[in-house]
Amino acid sequence: LAYVLCATYAVIFAKLSASTIKEKIGETTDGFITARKSQSMWRIAWSFFAGSVGAWAVVSPASYASFAGIIGCVFYALAAGIPVMIIAFFGHSVSDRYPNC
């Protein structure tokens, strides 16, 4: 039963992916790679946040708290949140100053 479900999921996913790719045929390579001016500031900021924190954030604070205590957890949270704040405050001015980057 598990193999049948996996195979069904794979076929459905492949068909949906193929239809999505067919819709985006006219998209240029530069637009696909950079997504210039197509996303909001907050979406990009959250993308940077997710990339900087990573999947290890699920287990890292608990293991860090075991030897650093509550002060260590507070500073860990600040260090994880600072990239979002920086992008939120300075991202728009950087994109205005360098529009082609």
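Q: Which residue just after helix 3 takes a positive phi?
A: In this predicted model, Gly54 has a positive phi of about 75° and sits just after helix 3.

Q: How many residues does helix 3 have, and what span does it reach from its first C-alpha to its last?
A: Helix 3 covers residues 41–53, which is 13 residues, and reaches 18 Å between its end C-alpha atoms. That is close to the 18 Å expected at 1.5 Å a residue.

Q: Is Ala45 buried or exposed?
A: The cut-off for buried is under 20% relative accessible area. Ala45, placed in helix 3, has a value of 0% and is therefore buried. Its C-alpha atom is separated by 8.2 Å from that of Met85, although the two residues are 40 apart along the chain.

Q: Which residues form the nonpolar patch on the surface?
A: In an α-helix with 3.6 residues a turn, residues three or four places apart point the same way. Here the patch consists of Ile70, Ile71, Val74, Phe75, Leu78, Ile82, Met85, Ile86, Phe89, Phe90, Val94 and Tyr98. Together they have about 1,300 Å² of accessible area.

Q: Where is Leu78 placed, and what is its relative accessibility?
A: Leu78 belongs to helix 4, which spans residues 60–97. Leu78 counts as partly exposed because its relative accessibility is 43%.

Q: How much area does the protein expose, and what share of its residues is buried?
A: The exposed area is about 8,400 Å², and 73% of it is supplied by carbon and sulfur atoms. Buried residues account for 8% of the 101 residues.

Q: How many disulfides does the count come to?
A: A disulfide covalently bonds the sulfur atoms of two cysteines. In this model the count comes to zero. As for the accessibility of cysteines, Cys6 is exposed because its relative accessible area is 53%, whereas Cys73 counts as partly exposed at 24%.

Q: How many helices and strands does the protein have?
A: There are four helices and zero strands. Read from the N terminus on, the elements run α-α-α-α.

Q: Which element has the lowest mean pLDDT, and which the highest?
A: Where pLDDT is low, the predicted coordinates should not be read in detail. Helix 2 (residues 29–34) has the lowest mean among the elements, at 64, and helix 4 the highest, at 81. Over the protein the average is 75, and 70% of the residues score at least 70.

Methods:
Residues are numbered from 1 along each chain as its sequence is written. This is a predicted model: local features need pLDDT of at least 70, side-chain atom pairs count only at pLDDT 80 or more; totals for chains, interfaces and linings use all residues. Side-chain values use heavy atoms; hydrogens and water are left out. Patches are made of residues with over 30% relative accessible area and no salt bridge: like charges are joined within 9 Å, nonpolar side chains (Val, Leu, Ile, Met, Phe, Trp, Tyr) within 5 Å. Accessible areas come from the Shrake-Rupley method with a 1.4 Å probe; for residues, only the protein chains shown count as cover. A salt bridge is a side-chain nitrogen of Lys or Arg within 4 Å of a carboxyl oxygen of Asp or Glu. Helices (H or I, at least four residues) and strands (E, at least two) are DSSP runs, numbered from the N terminus. Buried means under 20% relative accessible area, exposed over 50%, partly exposed in between (1.4 Å probe, protein chains only). pLDDT is the predictor's confidence in each residue, from 0 to 100. The expected span of a helix is 1.5 Å times one less than its number of residues. A disulfide is a pair of cysteine sulfur atoms within 2.5 Å.
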